[in-house]
Amino acid sequence: MTASIHAPEALLRVRDMVSAYGRIKALKGIALEINRGETVALIGANGAGKTTFLRTLSGVQPMAAGTVAFDGEDISRLRADQRVARGICQCPEGRMVFGPLSIEDNIRLGAYTRKDAEIGDDIEKVYAMFPILKQKRHLPAGSLSGGQQQMLAMGRALMGRPKLLLLDEPSMGLAPLLVEEIFNVIRTLKSQGMTILLVEQNAFGALGVADRAYVLETGHVTLSGSGAELAENPDVRAAYLGM
Ligand SMILES: Nc1ncnc2c1ncn2[C@@H]1O[C@H](COP(=O)(O)OP(=O)(O)OP(=O)(O)O)[C@@H](O)[C@H]1O
């Protein structure tokens, strides 16, 4: 066996992840890997366990069993803030921007674990990616539209200088044109070499942008493959693509 010499090293390796709310097992032994520079999608219906997976990976939801290795380190027992410091940054479902704070202060919050002198430069990079946020930087975040709040949430996550960016349903509740815009932002991040885990109910969009994808059903991974393979899979097409 020499194949492993040339195989890309996984940035994230999750094994046998179990997570429960009381007696309800939401994740029943998940295995998932993400290689450096990959965009991986996790798709599944309402209640499949997608959000629970992200929360367990971030360390905000307890893991009942399993292991998480990240960047060559076993992080299974690390707290959420320690995982952020390692470079796992989440852009949460529902954006979670701080409405009364200015847009710029919201962006700055994403750098809360950092003490370096490059925070200002990184804010400018976020503005270059999302010019509308620069235009409105002194306004309260609550005044932004849903799509702009999604951009703000992504910009804030980027301020943590993620090695792995977790995106939870970024297209949720957005009009079709804005959904396209958000997927274009994901393509841009991907072209810049960002490693991304994209959780989506919008399977069509997610499989279009992902290198690989996993299908989650009631706490189990039932299928995995390249984005293109899964988009052609008859079961996926029937269940998630409405075909
Ligand atoms: N706080 C909670 N307490 C009890 N059960 C929960 C809780 N949160 C989620 N669950 C249950 O865990 C399972 C997985 O839910 P989860 O929210 O992770 O699914 P999901 O795939 O993210 O769905 P959605 O797309 O609706 O966010 C579901 O059966 C859900 O009812």
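**Exercise 1. Place Leu 139 in this predicted model, and decide whether Leu 139 is buried, exposed or partly exposed.**

Step 1. Find the element. Leu 139 lies in the loop between helix 6 (131-135) and helix 7 (146-158).

Step 2. Count the surroundings. Leu 139 has 13 other C-beta atoms within 10 Å.

Step 3. Apply the cut-offs. A buried residue needs 20 or more such atoms, and an exposed one has 12 or fewer. Leu 139 is therefore partly exposed, with its 13.

Step 4. Look for partners. Set aside the neighbours within four places in sequence; Leu 139 is then in contact with Ser 102 and Ile 103.

Step 5. Check a separation. Gly 110 is 29 residues apart from Leu 139 along the chain, and their C-alpha atoms are separated by 17 Å.

**Exercise 2. Work out the strand order of the open sheet of 6 strands, and find its edges.**

Step 1. Read the order. The strands of this open sheet run 6-7-8-3-9-10, and the pairing is mixed.

Step 2. Name the edges. Strand 6 and strand 10 (220-226) each pair on one side only.

Step 3. Add the twist. Neighbouring strands here are turned by 20° against each other on average, direction ignored.

Step 4. Add the helices. Helix 2 packs on this sheet and touches strand 3 (39-43), strand 6, strand 7, strand 8 and strand 9 (212-217). The direction of helix 2 makes about 150° with that of strand 7. Helix 8 (residues 176-191) also packs on the sheet, touching strand 3, strand 7 and strand 8. Its direction makes about 155° with that of strand 8.

**Exercise 3. Explain why strand 7 counts as largely enclosed, and trace its pairing on both sides.**

Step 1. Count buried residues. In strand 7 (residues 164-168), 5 of the 5 residues are buried, so the strand is largely enclosed by the rest of the structure.

Step 2. Split the faces. Leu 164, Leu 166 and Asp 168 lie on one side, Leu 165 and Leu 167 on the other, and all are buried.

Step 3. Pair with strand 6. Strand 6 (residues 88-91) and strand 7 run parallel over 4 bridges. Gln 90 stands opposite Leu 166, and Cys 89 stands opposite Leu 165.

Step 4. Check strand 6 too. Both its faces are covered: Ile 88 and Gln 90 are buried on one side, Cys 89 and Cys 91 on the other.

Step 5. Pair with strand 8. Strand 7 and strand 8 (residues 195-200) are parallel over 5 bridges. Leu 164 has Thr 195 as its bridge partner, and Asp 168 stands opposite Val 199.

**Exercise 4. Describe the sheet of 4 strands and the helix that packs on it.**

Step 1. Read the order. This open sheet runs 2-1-4-5, with antiparallel pairing.

Step 2. Name the edges. Strand 2 and strand 5 (73-74) each pair on one side only.

Step 3. Zoom in on one pair. Strand 1 (residues 10-21) and strand 4 are antiparallel over 5 bridges. Arg 15 stands opposite Thr 67 in strand 4.

Step 4. Add the helix. Helix 2 packs on this sheet, touching strand 1, strand 2 and strand 4. The direction of helix 2 makes about 70° with that of strand 2.

**Exercise 5. Find what surrounds the ligand, and sort the shell by residue class.**

Step 1. List some members. The shell includes Tyr 21, Ile 24, Ala 26, Lys 50, Thr 51, Thr 52 and Gln 201. Gly 44, Asn 46, Gly 47, Ala 48 and Gly 49 are also among them.

Step 2. Assign elements. Strand 2 (24-35) and helix 2 (50-58) each supply at least two of these residues. Helix 2 gives the largest share, 3 residues.

Step 3. Sort by class. The shell has 4 nonpolar, 7 polar and 1 charged residues.

**Exercise 6. Judge how confident the model is, and where confidence is lowest.**

Step 1. Take the chain as a whole. The mean pLDDT is 89, and 95% of residues reach 70 or more.

Step 2. Find the extremes. Confidence is lowest in helix 1 (residues 3-6), at a mean of 48, and highest in strand 4 (residues 65-70), at 97.

Step 3. Draw the consequence. Where pLDDT is low, predicted coordinates should not be read in detail.

Step 4. Note the overall scores. The model has ipTM 0.94 and pTM 0.89.

Definitions and conventions
Residues numbered from 1 in each chain as written. Predicted model: local features only at pLDDT ≥ 70, side-chain atom pairs only at ≥ 80, totals over all residues. Near = placed C-beta within 6 Å. Helix = DSSP H or I, 4+ residues; strand = E, 2+ residues; numbered from the N terminus. Nonpolar A, V, L, I, M, F, W, Y, C, P; charged D, E, K, R; others polar. pLDDT = per-residue confidence, 0-100. Pairing = 2+ DSSP bridges. Contact = placed C-beta atoms within 7 Å. Axes fitted to C-alpha atoms, helices over the stretch in contact; angles between N-to-C directions.
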